[in-house]
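Colleague: I have a model open in my viewer and would like to learn how to read it. Could you walk me through it, one feature at a time?

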Amino acid sequence: SEDHIAPMDAARRFEENRAVSLLPLEEVGRITPRPLSADFSEEQGRIGCNTQLRHAPGLENEAAFLRALLAGLAPAAEGEIVLDTGPVELETPAAGEAYLLEIETGRVRLRGASGHGVFNGLQTLRQLLDPEGRLPLGRVGDAPRFAYRGMMLDVARHFADVETVLRLLDCMALYKLNRFHFHLTDDEGWRLPITALPELTEVGARRGVPGDGSSCLPPSFGSGAAVDASAGSGHYSHADFIRILRYAQARHIEVIPEFNMPGHARAAVLAMRVRHDRLLAAGDAAGADAFRLDDPNDTSVYESVQLWHDNVICIARPSCDRFVDTVVGEVAALYREAGVLLRAVHLGGDEVPAGAWLGSPICRARMAQQGWHTVHELRADFTARCRAILARHCLGFAGWDENALAASADGGVVADPRFAGPGFQVYAWNNATGSSQEDCAWRLANAGYEVVLANAAHLYFDLAHAKDPQEPGYYWAGFVDTRSVFGFRPLDLDPLSGADQMGRPLSAQAAARLVGLSAPERILGLQGQ
């Protein structure tokens with residue numbers, strides 16, 4: 001009865017799109033994202049599999065990519081392509097990614113501010129090239145507007161094989177995206193083996209109803225009862241993971257691994273409980289407790305958004321710190337083995353349900369010992385400990401915006417100042433109208449945090465496109481279709497307001513509470529989920 005949005009139909013869709021017109025079919029329109037500057041003549045050049053390629057030292061990776069691109073073309077007349085690096089005078093927060101592309105008769109010259117800039121220019125060349133090897137003559141100068149341009153893939157809910165991940169990285173490279181947020185764990189799955197804790201994948205990477213009585217996670221999201229045939233079963237071997245890291249690096253994409261905690265951690269909690277019971281039965285009580293993540297005497301009553309009642313880590317246990325350190329240490333070692341730079345680990349931190357920890361004797365004892373009166377202090381202490389663990393591994397902290405928020409008396413959001421500054425990166429996600437967090441990203445940036453926009457109302461690609469019973473996807477943050485994505489203006493609060501997913505307008509009181517962005521330089525960029 002409170003839903004005021006009419007179901008979508010063909011007539012309404014036609015009216016919404018009546019004013020849409022086609023852009024002129026010009027060369028610059030083939031380049032996505034649209035470059036800072038581009039100038040083309042009506043003349044064309046041609047390149048082919050026999051076009052000579054010269055490149056500066058250090059551009060072997062980019063030259064190999066270009067050779068693979070040329071290999072599929074027919075031979076062309078004499079000509080050359082020159083790749084080099086040098087100064088590119090374009091204003092950008094990502095100076096190394098700027099490039100100049102000059103296409104002349106018989107010669108293509110691509111200069112990048114770095115190898116990454118050259119690679120970006122090759123993507124533009126790739127988009128301009130037609131199947132016959134023809135190119136418009138002209139000049140393109142381009143540089144990113146944001147240093148962080150990412151895509152997140154959740155392989156915990158639905159496992160994606162290695163080839164699927166590599167295809168996504170190829171798509172990201174084509175559109176010059178440079179961050180791959182790899183959501184490896186959640187309530188419904190743990191996808192990377194940790195040598196010291198084999199149960200994480202033996203239990204946490206399997207979903208279904210096993211006939212042999214072995215431990216695994218229950219079916220979720222329609223994954224089915226057959227464990228081996230389940231879309232919820234599977235994990236990456238260390239060799240798989242290293243292959244993904246190297247494949248991404250060759251495309252100048254940084255991989256940011258996520259291990260979600262203290263909420264969204266049911267796969268880890270249950271796996272470590274199985275480990276505990278196994279070691280305890282073998283008479284190793286100390287080993288059993290070493291990595292346990294729950295409090296067996298916890299009487300807390302809570303329900304997560306996904307309806308779990310046992311998915312939160314008991315963050316007062318010293319074993320939690322040992323668990324985080326062990327996971328981070330192995331992940332860092334895999335990056336070193338791959339020869340790939342790891343700068344930060346994403347530790348999740350979203351959607352801890354109200355009521356968690358209140359009935360845990362271990363948590364209550366720590367709160368009493370420290371003189372804390374709210375679980376917010378307990379939670380902030382865990383975040384600080386995780387940040388310290390990452391720092392010992394010379395890594396930065398990344399997490400969802402809840403890590404940086406404090407309780408608010410008026411129902412809005414308040415930035416917690418204790419973690420603001422370099423080395424602590426927050427991803428603002430729930431900006432749905434009516435959530436009281438429409439301006440969360442602005443408040444965090446204004447308070448000194450480095451912010452990535454992960455806005456649900458515009459950048460969650462698992463949301464339904466329109467209101468129709470047959471349309472797949474969630475709609476808790478509204479409907480995200482092509483228009484809402486392409487119309488999104490990252491540094492403008494206006495598109496964040498309006499009506500919620502039920503068509504109810506933002507109240508005058510809530511609208512008056514919204515703040516503007518006073519520190520746009522702290523918005524690192526944006527990311528699709």
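**Reading the model, feature by feature**

Modeller: Happily! Six strands make up an open sheet with mixed pairing, and their order across the sheet is S1-S6-S4-S5-S3-S2. The strands at its edges are S1 (37-46) and S2 (52-55), each of which pairs on one side only. Direction ignored, neighbouring strands of this sheet are turned by 15° against each other on average. Keep in mind that this is a predicted model.

Colleague: In which sense do S2 and S3 pair, parallel or antiparallel?

Modeller: The general idea is that strands of a sheet pair through backbone hydrogen bonds, either parallel or antiparallel. Here, S2 and strand S3 (residues 80-85) pair in the parallel sense, over four bridges. To find one of them in your viewer, start at His55, whose bridge partner in S3 is Leu83.

Colleague: Which helices pack against this sheet?

Modeller: Let me take two. Helix H2 (residues 60-71) packs on the sheet and touches S2 and S3, with its direction at about 165° to that of S2. Helix H3 (residues 115-128) lies across S1, S3, strand S4 (99-104), strand S5 (107-112) and strand S6 (134-142). The angle between H3 and S4 is about 40°.

Colleague: Next, helix against helix. At what angle do H3 and H4 pack?

Modeller: The angle between H3 and helix H4 (residues 162-174) is about 90°, and their axes are 9 Å apart. The two helices are therefore roughly perpendicular to each other. On the H3 side, Phe119, Gln123, Arg126 and Gln127 meet Asp170, Ala173 and Leu174 of H4. By type, the residues in this contact of H3 with H4 are three nonpolar, two polar and two charged.

Colleague: And how do the axes of H4 and H6 cross?

Modeller: The axes of H4 and helix H6 (residues 238-250) cross at roughly 10° and come within 10 Å. That angle makes H4 roughly parallel to H6. From H4, the contact uses Val162, Glu163, Val165, Leu166, Leu169 and Asp170, while H6 brings Asp240, Arg243, Ile244, Tyr247 and Ala248. The contact of H4 with H6 divides into seven nonpolar, no polar and four charged residues.

Colleague: I'd like to look at charges too. How many salt bridges does the count come to?

Modeller: As a general idea, side chains of opposite charge can pair when their charged atoms come close. With a cut-off of 4 Å between a side-chain nitrogen of Lys or Arg and a carboxyl oxygen of Asp or Glu, the count comes to 33 salt bridges. One of them joins Glu16 to Arg13, with the closest N and O atoms 3.6 Å apart. Glu16 and Arg13 are three residues apart in helix H1 (residues 10-16), so about one helical turn separates them. Glu16 is partly exposed at 33% relative accessibility, and Arg13 is also partly exposed, at 27%. The pair belongs to a network of salt bridges that links Arg12, Arg13, Glu16 and Asp481.

Colleague: Which salt bridge links distant parts of the chain?

Modeller: Try Glu102 and Arg139, whose closest N and O atoms are 3.5 Å apart. Glu102 sits in strand S4 and Arg139 in strand S6, 37 residues apart. Glu102 has a relative accessible area of 28% and is partly exposed; Arg139 is partly exposed too, with 40%.

Colleague: What about Asp439: is it buried or exposed?

Modeller: Asp439 counts as buried because its relative accessibility is 4%, and the cut-off for buried is under 20%. Asp439 forms a salt bridge with Arg443, the closest N and O atoms being 2.9 Å apart. Arg443 is partly exposed, with a relative accessible area of 22%.

Colleague: One last feature. Which residues of S11 point one way, and which the other way?

Modeller: In a regular strand the side chains alternate between the two faces of the sheet. In S11, Glu254, Ile256 and Glu258 point one way, Val255 and Pro257 point the other way, and all are buried. Strand S11 spans residues 254-258 and is mostly covered, with five of its five residues buried. Strand S8 (residues 179-183) runs parallel to S11 and is joined to it by five bridges. A pair to look for there is Arg179 with its bridge partner Glu254 in S11.

Definitions and conventions:
Residues are numbered from 1 along each chain as its sequence is written. This is a predicted model: local features need pLDDT of at least 70, side-chain atom pairs count only at pLDDT 80 or more; totals for chains, interfaces and linings use all residues. Side-chain values use heavy atoms; hydrogens and water are left out. Two strands pair if DSSP finds at least two bridges between them. Axes are lines fitted to C-alpha atoms, for helices over the stretch in contact, and angles run from 0 to 180 degrees between N-to-C directions. Contact means heavy atoms within 4.5 Å. Buried means under 20% relative accessible area, exposed over 50%, partly exposed in between (1.4 Å probe, protein chains only). Angles under 35 degrees count as roughly parallel, over 145 as roughly antiparallel, 65 to 115 as roughly perpendicular and the rest as oblique. Ala, Val, Leu, Ile, Met, Phe, Trp, Tyr, Cys and Pro count as nonpolar, Asp, Glu, Lys and Arg as charged, and the others, Gly among them, as polar.
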